[in-house]
Amino acid sequence: MSLGDRKLTERFDRRQEEQKRIKAGLPGEDEPPLPPPVEPIHKGEEEIGRNDPCPCGSGKKYKKCCGKNT
């Protein structure tokens, strides 16, 4: 294998690795690293659904008890 053939195969191999990296969505060697993943924002308390039992303890559905007022 001549020197020109080696350079050609090395160039081909680098190009294939770069294409694989692009497909995977990874940053290149001279690109900044990816930012950390974004965490979803969660509310502190769960909301009361219309058909859930009323939190006042009456035993009725929320929509028939305290949900009428809202």
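**Exercise 1. Surface**

How much area does the protein expose, and what share of it do carbon and sulfur atoms supply?

*Solution.* Note that the model is predicted. Step one: take the total. The protein exposes about 7,000 Å². Step two: take the share. Carbon and sulfur atoms supply 53% of that area. Step three: turn to the residues. The protein has 70 of them, and 7% count as buried.

**Exercise 2. Overall form**

Compare the radius of gyration of the protein with that of a compact globule of 70 residues.

*Solution.* Step one: set the reference. A compact globule of 70 residues would have a radius of gyration near 11 Å. Step two: read the value for this model. The protein has 30 Å. Step three: check the box. Along the principal axes, the C-alpha atoms fill roughly 90 × 20 × 15 Å. Step four: look at the contacts. Count those with a separation of 6 or more; residues 24 or more positions apart account for 0% of them.

**Exercise 3. Helix and segment**

Find the helix, then place Glu 31, His 42 and Lys 64 relative to helix H1.

*Solution.* Step one: list the elements. The protein has one helix and zero strands. Step two: locate the helix. H1 covers residues 3-24. Step three: place the residues. Glu 31 is in the segment after H1. His 42 lies in that segment too, and Lys 64 also has its place after H1.

Step four: classify them. Glu 31 has 48% relative accessibility, so it counts as partly exposed. His 42 reaches 65%, so it counts as exposed. Lys 64 has 52%, so it counts as exposed.

**Exercise 4. Sequence against space**

Take two pairs of residues, each eleven positions apart, and give their C-alpha distances.

*Solution.* Step one: Lys 64 and Pro 53. Their C-alpha atoms are 9.6 Å apart. Step two: Glu 31 and His 42. Here the C-alpha atoms are separated by 32 Å. Step three: try a longer stretch of chain. His 42 and Arg 11 are 31 residues apart along the chain, and 48 Å separates their C-alpha atoms.

**Exercise 5. Cysteines**

How many disulfides does a search of the whole structure find?

*Solution.* Step one: state the result. The search finds zero. Step two: test Cys 54. The nearest cysteine sulfur belongs to Cys 56 and is 3.4 Å away, and Cys 54 is in no disulfide. Step three: recall the cut-off. A disulfide needs two cysteine sulfur atoms within 2.5 Å.

Step four: test Cys 66. Its closest cysteine sulfur is in Cys 54, at 3.5 Å, which is too far for a bond. Step five: add accessibility. Cys 54 has 7%, so it counts as buried. Cys 66 has 30%, so it counts as partly exposed.

**Exercise 6. Charges**

Count the charged side chains of each sign, and say how far apart the centres of the two sets lie.

*Solution.* Step one: count. There are 15 positive and 13 negative side chains. Step two: take the centre of each set. The two centres lie 12 Å apart.

Methods:
Residues numbered from 1 in each chain as written. Predicted model: local features only at pLDDT ≥ 70, side-chain atom pairs only at ≥ 80, totals over all residues. Heavy atoms only, no water. Buried < 20%, exposed > 50% of the residue type's maximum accessible area, 1.4 Å probe, protein only. Helix = DSSP H or I, 4+ residues; strand = E, 2+ residues; numbered from the N terminus. Rg over C-alpha atoms; globule rule 2.2 N^0.38 Å. Contact = heavy atoms within 4.5 Å. Areas by Shrake-Rupley, 256 points an atom, 1.4 Å probe, with all protein chains shown as cover. Lys, Arg positive; Asp, Glu negative; His and termini not counted. Charge placed at Lys NZ, Arg CZ, Asp CG, Glu CD.
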